[in-house]
Amino acid sequence: MGNPKAFLTIPRQEAGYRPIHERINDYSEVEQTLNTSERKQQAGRCMDCGVPFCHWACPLGNRPPEFQDALCKGEWRKAYDILSTTNDFPEFTGRICPALCEKSCVLKLSFDAPVTIREDECAVIEAAFREGYIVPGKYERNGLRVAVIGSGPAGLAAANRLNRKGYEVTVFERDEMAGGLLRFGIPNFKLSKNIIDRRLRVMEAEGITFKTNTEIDLKKLPEGFDAYAICTGTPQARDLSIPGRDLKGIHFAMEILSQQNRILAGQTFPEKERISAKDKHVLVIGGGDTGSDCIGTSHRQGAASVTQIEIMPQPPIGYNPATPWPQWPIVLKTSSSHEEGCTRRWSLNSNKFIGKNGHVTGVEVEEVEWMPSPDNGRPVMKATGRKEIIKADLVLLAMGFLKPQMPELPTNAVIAGDAATGPSLVVKCIAAGRRAATEIDRMLSAK
């Protein structure tokens with residue numbers, strides 16, 4: 001701990017976002033950065049707690065007190081060495097992780113001003129790339145081959161770990177480029193795709209083979225491999241089967257998000273296939289991160305208005321006694337996309353889509369109340385009869401994803417990430433990929 005009183009004298013300082021009037025006109029990353037001096041000061045706020053709850057809360061088991069101690073002392077290489085021991089891709093988590101570590105920081109409890117762990121993490125990895133700390137390694141091969149099916153965060157982490165253990169790794173990806181959710185599901189304004197490409201170049205230089213545009217049938221895995229890591233994610237979005245669902249102008253969130261990312265990558269689409277919010281009244285159904293991404297994308301496409309509705313009640317603001325520290329707090333979250341302009345409403349159930357000439361024009365919604373379950377289970381939804389129509393030319397369904405049903409797999413296959421658990425966080429998928437690599441290594445070593 002460089003300065004044991006820094007948390008008392010130095011306030012929490014976030015890098016913040018670019019001005020709204022500037023950022024809604026492009027797809028560049030919205031988050032800014034602090035200069036080196038300010039970043040070191042922020043790292044110095046870490047108290048090196050006797051019980052580091054930040055370490056406890058991190059799915060990867062990152063060690064924030066250790067890498068931040070090195071960072072505040074200006075030992076950037078040491079900070080990178082500590083961070084990269086537990087996290088394969090700090091450049092991803094440093095941008096898009098919700099920072100479970102910060103919510104469990106002791107300064108969150110005492111000051112409501114936790115250490116800026118996520119931003120510090122991103123600063124460390126960017127310095128590592130900038131200063132040339134990251135160079136492709138060479139690993140002695142053990143003669144065994146592993147196939148990784150899927151190149152999302154879990155697949156990339158599994159491939160990275162296995163490659164470093166000496167296995168010959170081939171990653172199969174059904175899309176035209178590797179990255180999975182990172183590339184096609186997360187907007188560029190949150191994660192620039194050159195960040196993914198930069199990491200993939202390192203992985204390829206270290207010997208990992210990527211085969212894109214390759215659809216793998218899980219009932220017939222490719223031959224010639226000693227083990228398989230199944231990291232196919234959760235491709236099936238949750239649908240809304242109500243009257244009018246067949247109207248034009250109703251799309252799954254991933255349809256617009258992936259298409260926009262592909263357009264930014266240089267691909268073109270016929271006009272009739274383009275999904276655009278330009279001059280439209282957009283309704284986003286679903287209150288999670290994916291819905292937020294739809295809001296930001298709609299703004300950048302020139303939407304006339306954006307409304308987001310959620311069937312669950314509005315979470316408490318600031319503090320929720322049901323989820324006390326150091327748990328993840330279920331409270332109202334306002335993202336950068338929400339700040340750009342959005343009408344947000346809660347406790348609304350969608351009854352039917354309304355259309356004209358085959359195209360959606362609105363959605364009939366009904367207010368609902370949530371009653372405690374008599375058996376202490378899930379709350380019970382009660383319709384109130386209070387109905388209204390929300391005008392919408394474009395409806396985006398962002399209600400989450402369904403856990404995939406896996407076929408019977410051979411004993412040398414390990415399922416990891418969202419494919420195993422259902423939809424979760426990128427940081428959890430990276431952790432799952434690392435565990436899958438360890439399990440495969442243990443399995444093959446025993447043989």
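Which residue just after α5 takes a positive phi of about 80°? Select Gly-74 and you have found it.

Before moving on, a word on what is on screen. This is a predicted model, where local features need pLDDT of at least 70, side-chain atom pairs count only at pLDDT 80 or more, and totals for chains, interfaces and linings use all residues. Residues are numbered from 1 along each chain as its sequence is written, and side-chain values use heavy atoms, with hydrogens and water left out.

**Stop 1: helix α5**

Step back from Gly-74 and select residues 64-72, which make up helix α5. (Helices are DSSP runs of H or I with at least four residues, strands are runs of E with at least two, and both are numbered from the N terminus.) Eight of the nine residues in α5 are buried. Here, buried means under 20% relative accessible area, exposed means over 50%, and partly exposed is in between, using a 1.4 Å probe and protein chains only. Among the buried ones are Pro-64, Phe-67, Gln-68 and Asp-69. Now show α3 (36-43), α4 (53-57), α6 (76-86) and α10 (117-131): the buried residues of α5 pack against these helices.

**Stop 2: Arg-45 and Val-115**

Next, pick Arg-45 in the loop between α3 and α4. What is the nearest side chain of opposite charge to Arg-45? That is Asp-120, 7.8 Å away, and Arg-45 is buried yet has no salt bridge. (Lys and Arg count as positive, Asp and Glu as negative, while His and the chain ends are not counted; a salt bridge needs a side-chain nitrogen of Lys or Arg within 4 Å of a carboxyl oxygen of Asp or Glu.) Follow the side chain of Arg-45 instead to the backbone oxygen of Ala-113, which it reaches at 2.9 Å.

Val-115 is one of the residues that Arg-45 touches, not counting residues up to four places away in sequence; contact means heavy atoms within 4.5 Å. Val-115 sits in the loop between α9 and α10, and its relative accessible area is 2%, so Val-115 is buried. With the same sequence neighbours left out, Val-115 also touches Arg-12, Gln-42, Gln-68 and Asp-120, among others.

**Stop 3: Ser-104**

Go to the loop between α8 (100-103) and α9 (106-110) and select Ser-104. Is Ser-104 buried or exposed? It counts as buried because its relative accessibility is 0%. Leaving aside neighbours within four places in sequence, the contacts of Ser-104 include Phe-53, Trp-56 and Trp-325.

**Stop 4: salt bridges**

The structure holds 34 salt bridges, and a few deserve a click. Side chains of opposite charge can pair when their charged atoms come close.

- Arg-39 and Asp-120: the closest N and O atoms are 2.7 Å apart. The pair links helix α3 to helix α10, with the two positions 81 residues apart in sequence. Arg-39 counts as buried at 4% relative accessibility, and Asp-120 is buried at 0%.
- Glu-176 and Arg-262: their side chains meet at 2.7 Å, N to O. Glu-176 is in the loop between β2 and α12 (181-184), while Arg-262 is in helix α14 (residues 253-264). Glu-176 is partly exposed at 25%, whereas Arg-262 is buried at 15%.
- Glu-367 and Arg-386: the closest N and O atoms are 3.1 Å apart. Glu-367 lies in strand β10 (residues 359-371) and Arg-386 in strand β11 (residues 380-391), so the pair ties together parts 19 residues apart in sequence.

Then select Arg-23, Arg-300, Glu-339 and Glu-340 together: salt bridges that share partners join them into one network.

**Stop 5: two paired strands**

Select β6 (residues 281-285) and β7, which pair in the parallel sense over five bridges. (Two strands pair if DSSP finds at least two bridges between them.) Look for Leu-283 opposite its bridge partner Thr-307, then Ile-285 with Ile-309. In β7 (residues 305-309), four of the five residues are buried.

**Last stop: the nonpolar cores**

Finish with the largest nonpolar core, which has 43 residues. (Such a core is a set of buried Ala, Val, Leu, Ile, Met, Phe, Trp, Tyr and Cys residues joined through side-chain atoms within 4.5 Å.) Leu-182 and Ile-440 have the most contacts inside this core. Which element gives the most to it? Helix α18 does, with eleven residues. A second, separate core of 27 residues includes Ala-70, Trp-76, Ile-82 and Cys-101.

Methods. Polar contact = N/O pair within 3.5 Å; in protein donor to acceptor, adjacent residues only side chain to side chain.
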